[in-house]
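Please find below my notes on the model you sent round. They are meant to be read with the viewer open.

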Amino acid sequence: AIARHEALFEQLLQAIQDRRRVEFTYSSFYVGTTAVRNVDPWRLLCTGGHWYLVGYDLDKRTDRVYRLSRVQGTVHVSSAPVANAAPEDLDVHALVAGWSALKPAVSCAVLEIDKNSCSGLRAIAKTIESMGAVDRLEIDYDTPEDLARLIASSCQHVTVIEPEQLR
């Protein structure tokens, strides 16, 4: 999960939070080529045991999904701001499913995390609601095992509200 790509994940997460463009070398599974990608990053998503970056490809001029395990080397975070914001109705699960032939997430977890913690969980949350000393997140997931791995790899300050089987 995240441990293999921690540096890459952190760079992309920071770029998303700072609304900064990124550039990286990517090995395409479908085409079988390697190319430099210039992307306005929108979201990170873990599904089917893999991490994905969803964003706007500046060269192809369209939405794209990138599997983090296919990014080669490091990510260059530009000083240029994101020019193509994510659509308000963006469904990252449907977009990833369309690109990777995976099923969209079928369940939603409700978690409470300490303020200013768990950046990985925050990056993939559908919603974040401030509740005083903690934030309540809604996160889509495929299987309880995927969710358990995600929580275990993200941070120590998590309380699972739903699903009950992971409390």
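The points below cover the sheet, the cores, the salt bridges, the hairpin and some backbone details of this predicted model.

1. **The five-stranded sheet.** Start with the open sheet. Its strand order is β4-β3-β2-β1-β5, and the pairing is antiparallel. β4 and β5 are the edge strands. Each has a single partner, so one side of each has no neighbour in the sheet. Neighbouring strands are turned against each other by 45° on average, with direction ignored.

2. **The β2-β3 pairing.** Look next inside the sheet. Strand β2 covers residues 34-47 and pairs with β3 in the antiparallel sense over eight bridges. One position to display is Pro-41, which stands opposite Gly-55 in β3.

3. **The largest nonpolar core.** As a general point, nonpolar side chains in soluble globular proteins tend to be buried together. Here the largest nonpolar core has 34 residues. Phe-24, Leu-44, Leu-53 and Leu-121 touch the most other members. Helix α1 (residues 6-18) gives the largest share of this core, six residues. A second, separate core has nine residues, including Leu-45, Val-54, Leu-95 and Val-96.

4. **Leu-53 and its contacts.** Which residues does Leu-53 touch, not counting those up to four places away in sequence? Among them are Leu-12, Ile-16, Phe-24, Val-39 and Leu-44. Pro-41 is also one of these contacts, and Pro-41 is the residue opposite Gly-55. The list is not purely nonpolar by name: Arg-43 and Arg-64 are included.

5. **Salt bridge within the sheet.** How many salt bridges does a search of the whole structure find? The count is three. One joins Arg-21 to Asp-40, with the closest N and O atoms 2.8 Å apart. Arg-21 belongs to strand β1 (residues 20-27) and Asp-40 to strand β2, so the pair ties together parts 19 residues apart in sequence. Is Asp-40 buried or exposed? Asp-40 is buried, at a relative accessible area of 0%.

6. **Ala-83, next to that pair.** Ala-83 sits in the loop between β5 (71-81) and α2 (92-100). Leaving aside neighbours within four places in sequence, Ala-83 is in contact with Arg-21 and Asp-40. These two residues form the salt bridge of the previous point. Ala-83 nevertheless counts as exposed, at 58% relative accessibility. Its C-alpha atom is 9.4 Å from that of Leu-58, 25 residues apart along the chain.

7. **Two salt bridges to β8.** Glu-112 forms a salt bridge with Arg-136, and the closest N and O atoms are 2.5 Å apart. Glu-112 is in strand β6 and Arg-136 in strand β8, so parts 24 residues apart in sequence are tied together. Glu-112 counts as buried at 16% relative accessibility, while Arg-136 is partly exposed at 27%. Lys-115 forms a salt bridge with Asp-135, with closest N and O atoms 2.5 Å apart. Lys-115 is in the loop between β6 and α3 and Asp-135 is in strand β8, so this pair ties together parts 20 residues apart in sequence. Lys-115 is partly exposed at 29%. Asp-135 is buried, with a relative accessible area of 6%.

8. **The β7-β8 hairpin.** Five bridges join β7 (residues 127-131) to β8 (residues 134-141), and the two strands run antiparallel. Met-131 has Val-134 of β8 as its bridge partner. Two residues lie between the strands of this hairpin. Gly-132 in the turn has a positive phi of about 80°.

9. **Backbone details to inspect.** Most residues other than glycine have a negative phi, and most peptide bonds are trans. Arg-61 has a positive phi of about 60°. It lies in the loop between β3 (50-57) and β4 (62-67) and is exposed at 68% relative accessibility. Asn-116 has a positive phi near 55°. Asn-116 lies in the loop between β6 (107-114) and α3 (119-124), and is exposed at 79%. The peptide bond from Glu-162 to Pro-163 is cis, with omega near 5°. Pro-163 is in the segment after β9 (158-162).

10. **Cysteines.** A search of the whole structure finds zero disulfides. Cys-46 counts as buried at 17% relative accessibility. Cys-108 is partly exposed at 28%.

Terms used: Residues numbered from 1 in each chain as written. Predicted model: local features only at pLDDT ≥ 70, side-chain atom pairs only at ≥ 80, totals over all residues. Heavy atoms only, no water. Helix = DSSP H or I, 4+ residues; strand = E, 2+ residues; numbered from the N terminus. Buried < 20%, exposed > 50% of the residue type's maximum accessible area, 1.4 Å probe, protein only. Pairing = 2+ DSSP bridges. Disulfide = S-S within 2.5 Å. Core = buried A, V, L, I, M, F, W, Y, C linked by side-chain atoms within 4.5 Å. Contact = heavy atoms within 4.5 Å. Axes fitted to C-alpha atoms, helices over the stretch in contact; angles between N-to-C directions. Salt bridge = Lys/Arg side-chain N within 4 Å of Asp/Glu carboxyl O.
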